[in-house]
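Me: I have a structure open here and I'm new to it. Can we go through it in short steps?
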Amino acid sequence: MQFTASALLICLGAMFISVEGCPKKIKTFFTGPPKNKMIVEYQGCYPGEAHHTAMEYQNIRLSLCNDHCYPTGSKYMGLIGNKCFCESFLETSEKRDDSECNEPCPGEKKEKCGNAKAQRWSAYTTAPKYP
């Protein structure tokens, strides 16, 4: 009776049983964003001042606001000017046209931070820790 030896290999995080070594190409079937990315969704533009400022920061951006609001259990965060606040719900009947929230965030010009002069704030969902 003859036995052939096979080895359990770990190749790029995947486990293979092979006597030939790691394959040159490995197909992955993972979907979704990388685990180190924050996934927040823009919820729209809303009227009014920040009800309770969670933080005020000269270079506010989504990641700073999210890092404060998500651990509190808040489902939403709002940004207006250089202020961030946390919310449990949004009153969708008050939603305004997105063009009314046209100011970029001081810390990241690609992100929307409402419109302080028009008293409009940009609402986003919160997500697990931003890298």
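Reply: Yes. This is a predicted model. A place to begin is Y76, whose bridge partner in β9 is T125.

Me: Which strands pair there, and over how many bridges?
Reply: β5, residues 76-80, pairs with β9 over four bridges, in the antiparallel sense.

Me: What is the order of the strands in the sheet?
Reply: The order is β3-β9-β5-β6-β4. These five strands make an open sheet with antiparallel pairing.

Me: Which strands stand at the edges?
Reply: β3 (42-47) and β4 (55-56). Each has a single partner strand, so one side of each has no neighbour in the sheet.

Me: What about helix α1, which strands does it lie across?
Reply: Helix α1, residues 62-69, lies across β4, β5, β6 and β9. Relative to β5, helix α1 runs at about 140 degrees.

Me: Changing topic. How many salt bridges does the structure hold?
Reply: One. E100 and R120 form a salt bridge, with their closest N and O atoms 2.5 Å apart.

Me: Where do E100 and R120 sit in the chain?
Reply: E100 is in the loop between β6 (83-87) and β7 (104-105), while R120 is in strand β9, residues 120-125. The two are 20 residues apart, and the pair links distant parts of the chain.

Me: Is R120 buried or exposed?
Reply: R120 is buried, because its relative accessible area is 17% and the cut-off for buried is under 20%.

Me: And E100, what is its relative accessible area?
Reply: E100 has 28%, so E100 counts as partly exposed.

Terms used. Residues are numbered from 1 along each chain as its sequence is written. This is a predicted model: local features need pLDDT of at least 70, side-chain atom pairs count only at pLDDT 80 or more; totals for chains, interfaces and linings use all residues. Side-chain values use heavy atoms; hydrogens and water are left out. A salt bridge is a side-chain nitrogen of Lys or Arg within 4 Å of a carboxyl oxygen of Asp or Glu. Buried means under 20% relative accessible area, exposed over 50%, partly exposed in between (1.4 Å probe, protein chains only). Two strands pair if DSSP finds at least two bridges between them. Contact means heavy atoms within 4.5 Å. Axes are lines fitted to C-alpha atoms, for helices over the stretch in contact, and angles run from 0 to 180 degrees between N-to-C directions.
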